[in-house]
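Student: I have the sequence and the model open. Let us go through them by question and answer.

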Amino acid sequence: MNEAQPQPFSIDVSSETLDWITQRVQNAHVVPDVKQAEGKEWADGVPSSIINELVEYWKTSYDWRKVEARLNSTYKMFTLDIPEGDEMIKLHFVHHRSDRPGAIPLLFAHGWPGNFTEVENLLSLTEPEDPTQQAFHIIAPTIPGFVFSSPPKSAGFSIPRIGSVYHQLMLKLGYSKYIGQGGDWGSMILRSMALSYPDHCVGIHLNMIMGLPPSPMKNPLTLLWLVLRWFSPEEKKRLARMQWWMKEESGYSRIQGTKPQTLSYGLFDSPVGMLAWIREKLESLVQPGYIWDKDLVITWTMFYLLSGSTWHARIYKEAIPSLRHQVLEKRISAKVPFGASCFPYDVGYIPIWWAKATVAENIVLWKEHSTGGHFPSVECADVLREDICEFYGSLPEGTRRLLKGEAKL
């Protein structure tokens, strides 16, 4: 039997689906909010004034067909059937190959409520303006069950299984050595890949770092430091933000992690409901004052509506219970260099001394930036691009040679 080959993919939403969504938006009823004190407008969720403004824009100005055409012209997209256990995933992915000699493969892994288009501002890494700068082949898969990747048919599709699908993709594309970059669920997927395939995934750079407390047996001094709360003022500030997020803003993960099916009925039957669910999280995941483009917010909402799958929510139920023993309790070996870009308004953070004890043995790059949040490829792409290039430059010379030798041109 011939092995499946990547198939070119173009977005082409049926008129029936688009008409149904348009009708739902046109007939939407936005529930009014109560009057909130100044500065507390988002205390109960997205203010109705924000939703009314987005719905009006969706009704009168948003044009999916124009967005669809732009997406198709911007991204080189493909699908590929990839077996994983008893599942067959038709994986959707972006693949932009560089024409530069010695370009290396970079796997970009997204999370929720993001999607593959977070990679847009990194595509320029395929052809850097500076001819001396390292070039990259960019591969950005879509999580199974998200947007245009087919969903698993059975429960039990955990983070390592997603990592297996991504690893198979890289091998089938001819990249037996590669590095990865990601945040949110993408950070966990890449950590899993670094643990499972250290001979292939030879370096990962993350922008959301989370870790368990250090072991009293293996790292007693680090644990003591943590218990005594000997943090710098900046570390305290960033850790406090993470604690705030867990306490005040993580209700969505508990709902998605317990009853994803029930939740999905409501979200998929109400485009405005899905819009509000996503818009709420976008507000608190970025630096205060960041203005989300209306077209982008509606397009990201459309992606989740078009998936027709509960896996946008179900990933929380499948992944969280097993995440501790599958990923978080394991430290990435020295064989896989690790890099981090920490942004002050992200919601996953631990200091470098904690990360050395619990996340990775070989941290070759650690940057703590003064601006930016959970979506650096959208909010501050220039900074992230520079960090990716610096991370590559921090890899051992032998690893860099290996990557260049394995990148098929």
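Student: How many residues of strand S4 (residues 104–109) are buried?
Tutor: Keep in mind that this is a predicted model. Buried means under 20% relative accessible area. S4 is largely enclosed by the rest of the structure, because the residues of this strand that count as buried are six of the six.

Student: Which residues point one way from S4, and which the other way?
Tutor: In a regular strand the side chains alternate between the two faces of the sheet. In S4, residues on both sides are buried. Pro105, Leu107 and Ala109 point one way, and Ile104, Leu106 and Phe108 the other.

Student: Which residue of S5 stands opposite isoleucine 104?
Tutor: S4 runs parallel to strand S5 (residues 136–141), and four bridges join them. Isoleucine 104 faces a partner in S5, phenylalanine 136.

Student: And which residue of S6 stands opposite leucine 107?
Tutor: S4 also pairs with S6 over four bridges, in the parallel sense. Opposite leucine 107 in S6 stands glycine 180.

Student: Where does aspartate 184 lie?
Tutor: The unreviewed UniProt entry lists Asp184, Tyr316 and His374 under "active site". Of these, Asp184 and His374 are in the lining of the largest cavity. Aspartate 184 itself sits between strand S6 (178–182) and helix H5 (185–196), in the loop.

Student: Does aspartate 184 count as buried or exposed, and what does it touch?
Tutor: The cut-off for buried is under 20% relative accessible area. Aspartate 184 has 15% relative accessibility, so it counts as buried. Not counting residues up to four places away in sequence, aspartate 184 touches Gly111, Trp112, Met208 and His374.

Student: What is the relative accessible area of tyrosine 316?
Tutor: Tyrosine 316 is in helix H12 (residues 311–328). Leaving aside neighbours within four places in sequence, its contacts include Trp112, Trp185 and Tyr252. Tyrosine 316 is buried, with a relative accessible area of 4%.

Student: Which residue's backbone oxygen lies 2.5 Å from a polar atom of the serine 250 side chain?
Tutor: Serine 250 is in the loop between helix H7 (233–249) and helix H8 (251–256). Serine 250 is buried, at 5% relative accessible area. The backbone oxygen at 2.5 Å from its side chain's polar atom belongs to methionine 246.

Student: What separates the C-alpha atoms of serine 250 and valine 94?
Tutor: Along the chain, serine 250 and valine 94 are 156 residues apart. In space, their C-alpha atoms are separated by 30 Å.

Terms used: Residues are numbered from 1 along each chain as its sequence is written. This is a predicted model: local features need pLDDT of at least 70, side-chain atom pairs count only at pLDDT 80 or more; totals for chains, interfaces and linings use all residues. Side-chain values use heavy atoms; hydrogens and water are left out. UniProt positions are given in the numbering used here, feature names are shortened, and annotations may be inferred rather than shown by experiment. On a 1 Å grid over the protein atoms alone, a cavity is a set of points where a 1.4 Å probe fits but cannot get out, and a pocket is an open set with protein on both sides within 12 Å along at least five of seven lines; lining residues have an atom within 4 Å of a point. Helices (H or I, at least four residues) and strands (E, at least two) are DSSP runs, numbered from the N terminus. Buried means under 20% relative accessible area, exposed over 50%, partly exposed in between (1.4 Å probe, protein chains only). Contact means heavy atoms within 4.5 Å. Two strands pair if DSSP finds at least two bridges between them. A polar contact is a pair of N or O atoms within 3.5 Å; within protein, one must be able to donate a hydrogen and the other to accept it, and residues adjacent in sequence count only if both atoms are side-chain atoms.
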